[in-house]
Amino acid sequence: MKNIVILISGRGSNMQAIVEAALPGVRVAAVISNRPEAEGLAWAAARGIAVEALDHKRYPDRAAFDAALAERIDRYAPDLVALAGFMRILTPAFTARYQGRMLNIHPSLLPAFPGLHTHAQAIAMGCKVAGCTVHFVTAELDHGPIVAQGVVEVRDDDTPETLAARVLTLEHQLYPEAVRRFAAGELQIADGKVRSGTVKTGSMLAPAPRNID
Ligand code: GRF
C-alpha cells in the first residue's frame, strides 16, 4: 500500500478526484492545508481522512513554514506528496526533500504559462489549445519532469472561467491517473524526463482520448 499526503489551499476538487478514484494500492493518509478555512479540509474530514491545517501566516518566514510542514507530512510516512491547488512557493530545501516523490497539477500546458492566470493568458495569446499538466516538482515554480498532459480546444467565445471549467474536468481525470501510475511504479525519470507520458484530450478534440503507454 502506498501512502499519499495531499496538500491543498482551497476547494480541493483535485484532491476529491484522487480520493474518489479509490485507486488500488493507494491510501490517502492525510490532507494538509496552509489555509485553515480551506473547503477541502471539511470534505476530507467527513470521509474519515486525517486532516491538518498549518497556517503559513503563523510562521516567521518561508523556511520555518516549510520545515514545519515537512515535519507534519513526514508523520504520515508518505510515498508520494501530491500538491493539489497548494498555493505556496516552496523552498529548495522542501522540494529537495521530496524530490522524485512530489507531484503537482498546473492548469496550463507547461512550459507555457507557469504561475497564475493561465487561462486568461492562453486566451489573450490566441492559443488554439489549452490544458493541464501533472509534473514532478522541482525547485523551479511549475517546472519539472512532465508526467501527463490534458488538452482542450480554446473556443472563440471562451472566457477564463469557461476555459478553466473545461480544463478542470480534465484535471480530475488526469491527476488520479498520474497518481495511479506513480503508485504502480510506472513513472521512471531519465535525463530529466518521464519516459512514457499520459495524454488525454477533451471531447472537442479529435482524435478520441488516447493514452500513450
Ligand atoms: C486547479 O486548477 C489546479 O490545477 C491549480 O489550482 C486549481 C486547484 O483547484 N493548481 P482545486 O483546489 O483542486 O479545486
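User: Two strands count as paired if DSSP finds at least two bridges between them. With that in mind, which residue in strand 2 stands opposite Ile8?
Analyst: This is a predicted model, by the way. Strand 1 covers residues 2–8, and seven bridges join it to strand 2, with the two running parallel. Across from Ile8, in strand 2, stands Ser33.

User: Ser33 has a partner in strand 3 too, so which residue does it stand opposite there?
Analyst: Strand 2 takes in residues 26–33, while strand 3 spans 50–53. These two strands run parallel and are joined by four bridges. In strand 3, the residue opposite Ser33 is Ala53.

User: What is the order of the strands in the open sheet?
Analyst: Strands pair through backbone hydrogen bonds, either parallel or antiparallel. Here eight strands form an open sheet with mixed pairing. Going across, the order is 3-2-1-4-5-6-7-10.

User: Which are the edge strands?
Analyst: With the order 3-2-1-4-5-6-7-10, we want the strands that each pair on one side only. Those are strand 3 (50–53) and strand 10 (198–201).

User: By how much are neighbouring strands of this sheet turned against each other on average?
Analyst: The sheet has eight strands. Ignoring direction, the average turn between neighbours is 20°.

User: Is strand 1 largely enclosed or open, and how many of its residues are buried?
Analyst: A residue is buried when its relative accessible area is under 20%. Strand 1 has seven residues, and it is largely enclosed by the rest of the structure because the number buried is six.

User: Helix 6 packs on the sheet, so what angle does its direction make with that of strand 7?
Analyst: Helix 6 runs over residues 160–183. It touches several strands, including strand 1, strand 4 (80–83) and strand 6 (129–136). Its direction and that of strand 7 (146–153) make an angle of about 155°.

User: Which helix gives the most residues to the largest nonpolar core?
Analyst: That core has 41 residues, and Ile6, Val31, Val134, Val147 and Tyr175 have the most contacts inside it. Apart from it lies another core, of 20 residues, among them Leu7 and Phe65. The top contributor to the 41-residue core, with nine residues, is helix 6.

User: What does Val147 touch beyond its close neighbours in sequence?
Analyst: Val147 is one of the residues with the most contacts inside the largest core. Leaving aside neighbours within four places, its contacts include Leu103, Val134, Phe136, Ala178, Leu187 and Val194. Also on the list are His135, Gly197 and Thr198.

User: What about the largest pocket: which element gives the largest share of its lining?
Analyst: This pocket has a volume of about 1000 Å³. Its lining takes 42 residues, and nearest its centre lie Gly85, Met87, His106, Pro107 and Leu116. Elements giving two or more residues include helix 1 (13–20), strand 5 and helix 5 (118–124). The largest share, five residues, comes from helix 6.

User: Is Ser9 buried or exposed?
Analyst: Ser9 sits in the loop between strand 1 and helix 1. Not counting close neighbours in sequence, its contacts include Ser33, Asn34, Gly85 and Met87. Its relative accessible area is 3%, and the cut-off is under 20%, so Ser9 counts as buried.

User: And Val51: is it buried, partly exposed or exposed?
Analyst: Val51 is found in strand 3 and touches Val31, Leu41, Ala44 and Ala45, leaving out residues up to four places away. Its relative accessibility is 32%, which falls between the 20% and 50% cut-offs. So Val51 is partly exposed.

User: Which two residues are joined by a cis peptide bond?
Analyst: Most peptide bonds are trans. In this model there is a cis one with omega of about 15°, and its proline lies in the loop between strand 5 and helix 5. The two residues are Leu110 and Pro111.

User: What is the phi of Ala77?
Analyst: Most residues other than glycine have a negative phi. Ala77 lies in the loop between helix 3 (62–74) and strand 4, and is exposed, with a relative accessible area of 52%. Although not a glycine, Ala77 has a positive phi of about 45°.

User: Where does Ala22 lie?
Analyst: Ala22 also has a positive phi, near 45°. At 59% relative accessibility it counts as exposed. Its place is the loop between helix 1 and strand 2.

Note on methods. Residues numbered from 1 in each chain as written. Predicted model: local features only at pLDDT ≥ 70, side-chain atom pairs only at ≥ 80, totals over all residues. Heavy atoms only, no water. Core = buried A, V, L, I, M, F, W, Y, C linked by side-chain atoms within 4.5 Å. Buried < 20%, exposed > 50% of the residue type's maximum accessible area, 1.4 Å probe, protein only. Contact = heavy atoms within 4.5 Å. Axes fitted to C-alpha atoms, helices over the stretch in contact; angles between N-to-C directions. 1 Å grid on protein atoms, 1.4 Å probe; cavity = no way out; pocket = protein on both sides within 12 Å on 5 of 7 lines; lining within 4 Å. Points joined across faces, edges and corners; volume = space filled by probe spheres on them.
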